[in-house]
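Biologist: Please take one part of this model and go through it closely. I would like to hear how the helices pack and what lies in the core.

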Amino acid sequence: VDTEYATRIITFFESISEVSFLQPRSGSSIWKTRPPSQLQSKTHVSCLRIENSAAPDTVTCLKAVQPFIPPEDLKSIHLGTLCSLSDRQTVESFAQKAHSLQSLRFSLVLWLPSYEQSLRTASARQRILAGNQSDWSSVVPMLEHVGQTNNSLRDVDIVIQFRSNPETPAPVTGRHALQRLQILDWSLLDRAVSGLMYLKTIRLLICCFSKVDVTNLHTEATAFFKKRLETSTRDILQVNVSENMDIA
């Protein structure tokens, strides 16, 4: 459905517990809708899900639903992939208005060397479809900024999706995944958590699209986080490693 029909369906109700958009698409007239001033009503929604979507689709969908799903009522927001500073700013602006927000989830895509190598020989179309990898340093500070206006956030889930060449041996993929984690600036997460005074749990949901030894990767990643993160972050961190996307 396009947003015209989505608007009609959703605003028919005064209140909805959960609204989910699965793999929303952007880049066409599907997202053209009436100006906000012409909308007849808004619907009180507790949980908004925009799932399994690339960054442009995540952000476009969020902008499209804002006129008829007011963020002020939301208690839970589950988002697809975020990549850049502009993605972060869009979500940040939306989330800062959600004063009752208790749960926030978003995804980051990180490329491993085997994937970057495969893109060098890929066709132009394949490179376009690959999209961009996420800039950790641009996206993660969103948590700190949201915490400055929110005192109800209890749970944060960060889904880290590793992209690798499926032909790469599993032990190599696992080793590269751990190395990729180690070079991220984890002080940004420490700083964010220190500002989220009521945060109870922060989860890192790590996905590898290869038959890696998830038990070994989980053990090594957990040991790394225990050494690297500050006590305030480490004590509330949960780590889950999966060889596919079925981790919810």
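Modeller: What follows covers two helix pairs, the nonpolar cores and one strand residue.

This is a predicted model, in which local features need pLDDT of at least 70 and side-chain atom pairs count only at pLDDT 80 or more, while totals for chains, interfaces and linings use all residues. Residues are numbered from 1 along each chain as its sequence is written, and side-chain values use heavy atoms, with hydrogens and water left out.

Helix 8 (residues 170-182) packs against helix 10 (residues 214-228) at an angle of about 15°, their axes being 10 Å apart. Helices here are DSSP runs of H or I with at least four residues, and strands are runs of E with at least two, both numbered from the N terminus. Axes are lines fitted to C-alpha atoms, for helices over the stretch in contact, and angles run from 0 to 180 degrees between N-to-C directions. Helix 8 and helix 10 are therefore roughly parallel (under 35 degrees; over 145 is roughly antiparallel, 65 to 115 roughly perpendicular, and the rest oblique). Their crossing is right-handed, that is, the near helix is turned clockwise from the far one by less than a right angle. On the helix 8 side, G174, A177, L178, L181 and Q182 meet L217, E220, A221, F224 and F225 of helix 10. By class, this contact has seven nonpolar, two polar and one charged residue (Ala, Val, Leu, Ile, Met, Phe, Trp, Tyr, Cys and Pro are nonpolar; Asp, Glu, Lys and Arg are charged; the others, Gly among them, are polar).

F225 also appears in the largest nonpolar core, which has 63 residues; L48, F106, I158, W186 and F225 touch the most other members. Such a core is a set of buried Ala, Val, Leu, Ile, Met, Phe, Trp, Tyr and Cys residues joined through side-chain atoms within 4.5 Å. Leaving aside neighbours within four places in sequence, W186 is in contact (heavy atoms within 4.5 Å) with W136, L181, L204, F224, F225, R228 and L229. Another core, of six residues, lies apart and includes V109, Y115, A122 and A130.

T81, in strand 3 (residues 76-81), is buried, with a relative accessible area of 8% (buried is under 20%, exposed over 50%, partly exposed in between, with a 1.4 Å probe and protein chains only). Beyond four places in sequence, its contacts include A55, T58 and V109.

Helix 2 (residues 55-65) and helix 3 (residues 85-96) pack at about 30°, with axes 10 Å apart.
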